[in-house]
Amino acid sequence: MKLENEFLCVEIKEVGAEVTRIYDKRNNTEILWNGDAKFWKRHSPILFPNVGKAWKNTILIDGVQYPASQHGFARDTRFECAEVSEDFAVFRMESTKETKKRYPYEFELSVSYCLNGRELEVGWQVKNCTDGNMYFTIGAHPAFAFAEEGEVKADYCLKFPGKEKLDYVKLDLATGTVIPAQAYPMELRDGYHPLNEEMFEIDTFVFDGGQIEEAWLCKKDGIPYVGVRCAGFPNFGIWSPAGAPFVCLEPWCGRCDNQGFEGDISEKTGVNSLKAGDIFEKKYQIIVG
C-alpha cells in the first residue's frame, strides 16, 4: 500500500499495519529504517495490547494468567485495509479466538495514516467490545535512519523544544521491566542533547509523566531532520541497538511493567481503561524536516 503527495512517499504493509517506508522526495532521503535484521528487522511497529515487556512475560486478568510477548501481538497480525485514497488509509483488526488465548477481551483496533504536506499523521482507535472494562497499553516504535551512509550517532543530536531538563527511568535489562525507584536527569542545553553510542548501553530511555510532546532527531549542528509530535501522550521511549544507524522516537500511552509487578492488569502503572462500548482515540505526527 502506498500513500503519496508532492513531498513524501509512504509505504504500509497489511501485516501489523506497519509503515515500512517514508521517502523524502525533496532531499532524496529514506527517512525510515530499512528493516535490515542485522540490527532490527522492523520499521515502525504498532505496540498493542502491551508496550514493552510484562513481568515474567505474563499478565494477570481477573485471576487468570495469560502469556504476554514483548510489545504485544498486533505488530504480527494481518490488518484489513478498510479505506484508502492517494494520501489517506485506514487499517483494522479485530479480536479472534487466537488473540483471546493471550488477551481475553473483544476489541477492534483501527489505525489511520494521513499525509499532510511534510507530515504523516498516525491515528489509533481502540473500541472495547467486551461486557466490562478492558485494559491495555498502546505505543508507536518508528525507527529513523540516518540520512547518509556511514553516519553514526555522534553525527546527530536530540532536540526537545521548550525543555530545559527531562527525567527518565531505566530498565532492568534482565527482565525488560522498569526500575521505578529512581529517576535520572537528561540534561539539555537550549533543548538539545548530543547523541553518542555509549548512552544506549542502558537500552531504552523511558520518560513518564507526559514530559515529551515533541522530539526531534537533528544533525549535530542542530538542523532538524525528522521529528515526532505527540501532544497528550503520557510516556515516551528512545532506543537504538548497539552500532545501529538509526534512533527510535516512541510515543506511548502506557509502558512496560514495573520490576516485580504481579498485580492484576487493572493495577498496572499507566494502563488505559475502557468501559464497555467506549472508544479510545489518539494521534501523533511524524514530521520530516
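Colleague: Before we start, what does buried mean here, and what does partly exposed mean?
Modeller: Buried means under 20% relative accessible area, exposed means over 50%, and partly exposed is in between. Keep in mind that this is a predicted model.

Colleague: Fine. How does Glu-11 come out, then?
Modeller: Glu-11 has a relative accessible area of 25%. Buried stops under 20% and exposed starts over 50%, so Glu-11 is partly exposed.

Colleague: What does the Glu-11 side chain meet?
Modeller: Arg-21, in a salt bridge. The N to O distance is 3.4 Å. Arg-21 is partly exposed as well, at 24%.

Colleague: Where do Arg-21 and Glu-11 sit?
Modeller: Arg-21 is in strand β3, residues 18-24. Glu-11 is in strand β2, residues 8-13. They are 10 residues apart, and the pair links distant parts of the chain.

Colleague: How many salt bridges are there?
Modeller: The count is 17. One of them joins Glu-106 and Lys-100, with the closest N and O atoms 2.9 Å apart. Glu-106 is partly exposed at 36%, and Lys-100 is partly exposed at 32%.

Colleague: What about Arg-255 and Asp-208?
Modeller: Their side chains meet in a salt bridge, 3.0 Å from N to O. Arg-255 lies in the loop between β23 and β24, and Asp-208 in the loop between β19 and β20, so the pair ties together parts that are 47 residues apart in sequence.

Colleague: Is Arg-255 buried or exposed?
Modeller: Arg-255 has 4% relative accessibility. The cut-off for buried is under 20%, so Arg-255 counts as buried. Asp-208 is partly exposed, at 23%.

Colleague: Which residues do shared salt-bridge partners join into a network?
Modeller: Glu-11, Arg-21 and Glu-30 form one network.

Colleague: New topic: the core. Which members of the largest nonpolar core touch the most others?
Modeller: Leu-109, Tyr-113, Leu-217 and Ile-238. That core holds 73 residues. Strand β10, residues 107-116, gives the largest share, with 5 residues.

Colleague: What does Leu-217 touch?
Modeller: Leaving out residues up to four places away in sequence, its contacts include Phe-144, Phe-146, Tyr-156, Leu-195 and Leu-249. Pro-224, Tyr-225 and Val-226 are also among them.

Colleague: Now the empty space. What is the volume of the largest pocket?
Modeller: About 350 Å³. Of its 21 lining residues, Gln-70, His-71, Leu-171, Asp-203 and Thr-204 are the closest to the centre. The elements giving two or more residues to the lining are β16, β19 and β23.

Colleague: How does that lining divide by class?
Modeller: The pocket lining has 9 nonpolar, 7 polar and 5 charged residues.

Colleague: How many cavities of 30 Å³ or more are there?
Modeller: The structure holds 1. The largest cavity has about 50 Å³ of space. It is lined by 13 residues, and Ser-44, Ile-46, Tyr-113, Val-122 and Tyr-284 lie nearest its centre.

Colleague: Which element gives the most to that cavity lining?
Modeller: β11, with 3 residues. By class, the cavity lining has 10 nonpolar, 3 polar and no charged residues.

Colleague: Last one: where is His-141?
Modeller: His-141 lies in the loop between β13 and β14. Its relative accessible area is 5%, so His-141 is buried. Beyond neighbours within four places in sequence, its contacts include Trp-40, His-43, His-71, Trp-239 and Glu-250. Ser-44 is also among them.

Conventions. Residues are numbered from 1 along each chain as its sequence is written. This is a predicted model: local features need pLDDT of at least 70, side-chain atom pairs count only at pLDDT 80 or more; totals for chains, interfaces and linings use all residues. Side-chain values use heavy atoms; hydrogens and water are left out. A nonpolar core is a set of buried Ala, Val, Leu, Ile, Met, Phe, Trp, Tyr and Cys residues joined through side-chain atoms within 4.5 Å. Buried means under 20% relative accessible area, exposed over 50%, partly exposed in between (1.4 Å probe, protein chains only). Helices (H or I, at least four residues) and strands (E, at least two) are DSSP runs, numbered from the N terminus. Contact means heavy atoms within 4.5 Å. On a 1 Å grid over the protein atoms alone, a cavity is a set of points where a 1.4 Å probe fits but cannot get out, and a pocket is an open set with protein on both sides within 12 Å along at least five of seven lines; lining residues have an atom within 4 Å of a point. Grid points are joined across faces, edges and corners, and a volume is the space filled by probe spheres set on the points. Ala, Val, Leu, Ile, Met, Phe, Trp, Tyr, Cys and Pro count as nonpolar, Asp, Glu, Lys and Arg as charged, and the others, Gly among them, as polar. A salt bridge is a side-chain nitrogen of Lys or Arg within 4 Å of a carboxyl oxygen of Asp or Glu.
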